[in-house]
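Hi,

Here is the structure I promised to send over. Have a look at it first, and then read on for what I found in it.

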Amino acid sequence: MKPRVTPQDHAPAAMPASRRAAGASRVVLPEPLPLEARLDECLKRRRSTREYAEAPIPLQELSTLLWAAQGVTSPGGLRTAPSAGAIYPVKSYMLAFRVQGLAAGFYSFDPEQRTLTLLAKGTKQERVAKVCGDQQCVAECAAGLLLTAWYGRLRREFGDAAEQLALIEAGHIGQNWHLAAAALRLGSVSIGKIDPVALKLLLPLPEDEHPLYLLITGKP
Ligand SMILES: Cc1cc2nc3c(=O)[nH]c(=O)nc-3n(C[C@H](O)[C@H](O)[C@H](O)COP(=O)(O)O)c2cc1C
């Protein structure tokens, strides 16, 4: 599917003010680290990791994972991961549990500005783990990238295929996350067992976005 030149209506509805953290703070992420490991090595090394050390991960490593997953790599706004029609319906949120240099909390990630905006302070790690099938690895990880889909423009362009296209895109983003984690020698695993309704009750997500997929990481 070719990119289409369309009106700039990528953005989903803004988060209602009542659901944003009071005095929401914005964090400009440090430059991503160079990923110098060989691609064939990263492909071989990538393995789902479900046990994590207590040690936090450095903010620069998190920034590198986010860049790999959703980084903007062209002046026109195209990214590391492909997107049907270059619509980018998949939105990124960061659950920071133990990240050096970043207050624990729930953040939205803006790939164009490379910023995190705090939406809710503090960790709710046990509760997040509970709505992800009570999985121990979610209760132990240092951070997680929550991917949601905003179907508005995708549905207008591609009709009934919208949901499938968003899921495929989330898969691409996930593989980029895992390969970058392998390069940085971090552990990572995909979490598909999530309860989208419960997650929306727990986290301040926009009404018109649907949680799809969680990618977690931590020191192995
Ligand atoms: C879409 C998707 C959803 C997954 N969901 C979970 C999950 O909820 N919990 C989990 O521990 N692993 C999950 N996995 C990881 C798989 O169990 C894992 O990829 C598989 O066992 C193969 O092992 P490997 O990743 O080490 O190659 C998921 C993988 C994919 C692709």
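Let me start with the ligand. Around it sit R47, S48, R50, Q135, C137, V189, S190, I191, G192 and K193. Sorted by class, that shell has three nonpolar, four polar and three charged residues. Strand 8, residues 187-191, supplies the largest share of the shell, with three residues. Please keep in mind that this is a predicted model.

Now the overall fold. The protein chain holds seven helices and nine strands. It has 220 residues, of which 42% count as buried. If you take the contacts between residues at least 6 apart in sequence, 77% of them join residues at least 24 apart.

The sheet is a good place to look next. Seven strands make up an open sheet, in the order 1-6-5-3-7-9-8, with antiparallel pairing. Its edges are strand 1 (26-28) and strand 8, each of which pairs on one side only. On average, neighbouring strands in this sheet are turned by 25° against each other, direction ignored.

Strand 8 deserves a second look, since it also contributes to the ligand shell. Is an edge strand like this one enclosed or open? Four of the five residues of strand 8 are buried, so the rest of the structure largely encloses it. Its antiparallel partner is strand 9, and five bridges join the two. Within that pairing, S190 has L215 of strand 9 as its bridge partner, and S190 is also one of the residues around the ligand.

On to strand 9 (residues 210-218), which also pairs with strand 7 (residues 143-149), again in the antiparallel sense, over seven bridges. There, G144 is bridged to I216 of strand 9.

Helix 6 packs onto this part of the sheet. The helix lies across strand 3 (90-96), strand 7, strand 8 and strand 9, and runs at about 5° to strand 9. I also checked its length: helix 6 covers residues 162-183, and at 1.5 Å a residue its 22 residues should span 32 Å, which agrees with the 32 Å between its end C-alpha atoms.

Two backbone details may interest you. Just after helix 6, R185 takes a positive phi of about 60°, in a residue other than glycine. R185 belongs to the loop between helix 6 and strand 8, and it counts as exposed because it has 11 C-beta neighbours inside 10 Å, where 12 or fewer is the cut-off. D134 is the other case: its phi is near 55°, again positive in a residue other than glycine. D134 lies in the loop between helix 3 (125-130) and helix 4 (136-140), and is exposed, with 11 other C-beta atoms within 10 Å.

Finally, a word on L59, which is found in helix 2 (residues 59-70). L59 is partly exposed, with 18 other C-beta atoms within 10 Å. Leaving aside neighbours within four places in sequence, L59 is in contact with P30, V99, Q100, G101 and L102. L59 and A96 are 37 residues apart in sequence, and their C-alpha atoms are 9.9 Å apart in space.

Best wishes

Definitions and conventions: Residues are numbered from 1 along each chain as its sequence is written. This is a predicted model: local features need pLDDT of at least 70, side-chain atom pairs count only at pLDDT 80 or more; totals for chains, interfaces and linings use all residues. A residue is near a molecule or strand if its C-beta atom, placed from the backbone, lies within 6 Å of it. Ala, Val, Leu, Ile, Met, Phe, Trp, Tyr, Cys and Pro count as nonpolar, Asp, Glu, Lys and Arg as charged, and the others, Gly among them, as polar. A residue is buried if 20 or more other C-beta atoms lie within 10 Å of its own, exposed if 12 or fewer, and partly exposed in between; C-beta atoms are placed from the backbone. Two residues are in contact if their C-beta atoms, placed from the backbone, lie within 7 Å. The expected span of a helix is 1.5 Å times one less than its number of residues. Two strands pair if DSSP finds at least two bridges between them. Axes are lines fitted to C-alpha atoms, for helices over the stretch in contact, and angles run from 0 to 180 degrees between N-to-C directions.
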